[in-house]
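Me: I would like to go through this structure by question and answer. Please keep the replies short.

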Amino acid sequence: MNQTDIFLCYRRPGAQTAKLFKRYLLRRNLPADVWYSDEEIYGNFREDIPSLMQSACCAVLFIDPAFTRDFTDPKCITAVEVQAIAARLLETADFRLITVFLDRPTGFTPEEQAELRRLFAQSELDADRALERFSLSNRCGFRTALDVEEELFSLIAENLLPPRYFRSRFAQGNFYFGQRPTQVDVAVWDTERGIRPEDVTFCAAEGTPLLYERIRRMRCDLSDVRQNNQMVSLYRLVTTLTDNEERKQLEVFYQDVDYRLFAQTLRLWDAPRLNLGQTLACYSCDSPDPYPIPNAMGLAFFVVTADRQLLFTRRSSARGIRPGEYDCSVVEGLLQFVDTPQEHYDLFEPDYLEREIHRAYREELCPDDRELTIRLCGVVLDRQYGQWNFIATVFTPDTAEGILQKHAVRNDTYEQNSLHAVPLTQNGQPSLAPVRAFLAACRGNMWDMAYAALYAALRAAGFSEQACQFDASV
């Protein structure tokens, strides 16, 4: 074994507590590898400790009143582990160390500090900085004869892995574009016949997840947010099939969420106190539990023009979230209601989704939204940003050149997205070669949600499933 995610370190009296903690994590299906030396069949892996620590994102140190005893013994495995933890603390800013003081006061004695300083100096570490990082680590006390282990383990697990760990390793979804994995989790999908917008109904959900209030109370600078519309936030999704046509029908149980809370959620995504990445990693789209994050639902769709071109956008490099990324034609949040001199509607009306797609088309792409043909194909969860989206494909009677000319005078010019038209033909014949070339030029700099919308658009444009299974990087 040469890598791990969570490194457990202990003196002998703490061994039982460490063993039980590992079992606690495994029982809760924590998506991480846990290293605990006494459970390894070949001993303590003394020589592997440096490499194990290099891959670890966090460590839990269980120590007793005789913590630094025998540190001068060359065979003391705890001394080797503590040296490796100190080195990792100094080189990695977000490496987490949690120290559990067993049956003793929380904090190192002067004698222990002197012993640790000597140990760090032997490793040619900055002893003062290493000792400071150890002293500033999260720490808690535990009385083995009196305290409840489950409460201790819950406290540790809540503050253990940094959110970045879950986003980079365990936010993977179930959607693949060819062989390319994405962080998109498909909840409902039908690219063959599509889902009729009128088969989607919205119902107000009772109760509010606790994270709504926690995020609302956390300070966040939103001085640049110009609007505060009422958005739709998914609370639970229920899918059924009609008896006669076997068509999917969706019930979206929603919560109110204002735009500023949605923006605040995104900006606080990596805040250690929230652990939103860990929360989402433990969430399943099939779960009957409420979705825990107050994030706005949105629309993500590609537009196919009359001259068989696919419209990609690229976000402005000045945007705070996903700057410079390539994207599908339109990405827009769902508003609960629209009340303007030109139109009035709300999410309880049967044509709500169609009208929201028309509004999004006008605001982000082109003011002329006449005679659009809409094909709704699914609902997906983007695990990188915790956002739900309806995936659709929109066919327009306008040409790509016509839309490019009108794009500058659309309703929403704030986002300053650039627009790119990519043909779905080559030499007059249907071909995905131009799309492949465009994706290769993007070099992977495209939102995973756009890959899901792209697959839906290519299928809706008549390309076979086999044709769409190409390598997006070539």
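Reply: One cut-off to begin with: a residue is buried when its relative accessible area is under 20%, exposed when over 50%, and partly exposed in between. The model is predicted.

Me: Is arginine 88 buried or exposed?
Reply: Arginine 88 sits in helix 3, residues 77–91. Buried means under 20% relative accessible area. Arginine 88 has a relative accessibility of 12%, so it counts as buried.

Me: Which backbone oxygen does the side chain of arginine 88 reach?
Reply: Leaving out residues up to four places away in sequence, arginine 88 touches Gln54, Ser55, Ala56 and Phe95, as well as Met53. The polar partner is a backbone oxygen at 3.0 Å from the arginine 88 side chain. That oxygen belongs to methionine 53.

Me: How many helices and strands are there in the chain?
Reply: The chain has 474 residues, and 55% of them count as buried. Its C-alpha trace spans about 80 × 50 × 50 Å along the principal axes. The secondary structure comprises 14 helices and 22 strands.

Me: What share of the contacts with a separation of 6 or more comes from residues 24 or more positions apart?
Reply: Contact here means heavy atoms within 4.5 Å. Among the contacts in the chain with a separation of 6 or more, residues 24 or more positions apart account for 75%.

Me: What part of the exposed area do carbon and sulfur atoms supply?
Reply: The chain exposes about 21,700 Å². Carbon and sulfur atoms supply 46% of that area.

Me: How far apart do the centres of the positive and negative side chains lie?
Reply: The chain has 52 positive side chains. It has 68 negative ones. The centres of the two sets lie apart by 4 Å.

Me: Which helix gives the most to the largest nonpolar core?
Reply: The largest nonpolar core holds 98 residues. Phe202, Phe301, Trp388, Phe390, Leu439 and Leu454 touch the most other members. The top contribution to this core is 10 residues, from residues 448–460, which form helix 14.

Me: How many residues are in the second, separate core?
Reply: Cys9, Ala86, Leu89 and Leu116 are included in the second core. It is separate, and its size is 33 residues.

Me: Which residues is phenylalanine 202 in contact with, leaving aside its neighbours within four places in sequence?
Reply: Phenylalanine 202 is among the residues that touch the most other members of the largest core. Leaving aside neighbours within four places in sequence, its contacts are Val232, Val252, Tyr254, Leu347, Phe348, Tyr352, Leu353 and Phe390.

Me: Is glutamine 255 buried or exposed?
Reply: Glutamine 255 lies in strand 11, residues 248–258. Its contacts beyond four places in sequence include Tyr212, Met231, Val232 and Gln336. Its relative accessible area is 7%, so glutamine 255 is buried.

Me: Which residue has its backbone oxygen 3.2 Å from a polar atom of the glutamine 255 side chain?
Reply: Glutamine 255 touches Ala205, Glu206, Gly207 and Thr208, among others. The backbone oxygen at 3.2 Å from its side chain is that of alanine 205.

Me: With which side chain does glutamine 309 make a polar contact?
Reply: Glutamine 309 lies in strand 13, residues 309–314. It is buried, with a relative accessible area of 17%. Its contacts beyond four places in sequence include Val303, Ala400 and Leu424. The polar contact, at 3.2 Å, is with the side chain of aspartate 307.

Me: What is the phi of aspartate 103?
Reply: Most residues other than glycine have a negative phi. Aspartate 103 lies in the loop between strand 4 and helix 4. It is partly exposed, with a relative accessible area of 41%. Aspartate 103 is not a glycine, although its phi is positive, at about 55 degrees.

Me: Is arginine 443 buried or exposed?
Reply: Arginine 443 is found in the loop between helix 13 and helix 14. Its phi is positive, near 55 degrees. Its relative accessible area is 78%, so arginine 443 is exposed.

Me: What separates the C-alpha atoms of aspartate 351 and threonine 201?
Reply: Aspartate 351 lies in the loop between strand 17 and helix 11. It is partly exposed, with a relative accessible area of 30%. Aspartate 351 and threonine 201 are 150 residues apart along the chain, and their C-alpha atoms are separated by 10.0 Å.

Note on methods. Residues numbered from 1 in each chain as written. Predicted model: local features only at pLDDT ≥ 70, side-chain atom pairs only at ≥ 80, totals over all residues. Heavy atoms only, no water. Helix = DSSP H or I, 4+ residues; strand = E, 2+ residues; numbered from the N terminus. Buried < 20%, exposed > 50% of the residue type's maximum accessible area, 1.4 Å probe, protein only. Areas by Shrake-Rupley, 256 points an atom, 1.4 Å probe, with all protein chains shown as cover. Lys, Arg positive; Asp, Glu negative; His and termini not counted. Charge placed at Lys NZ, Arg CZ, Asp CG, Glu CD. Polar contact = N/O pair within 3.5 Å; in protein donor to acceptor, adjacent residues only side chain to side chain. Core = buried A, V, L, I, M, F, W, Y, C linked by side-chain atoms within 4.5 Å.
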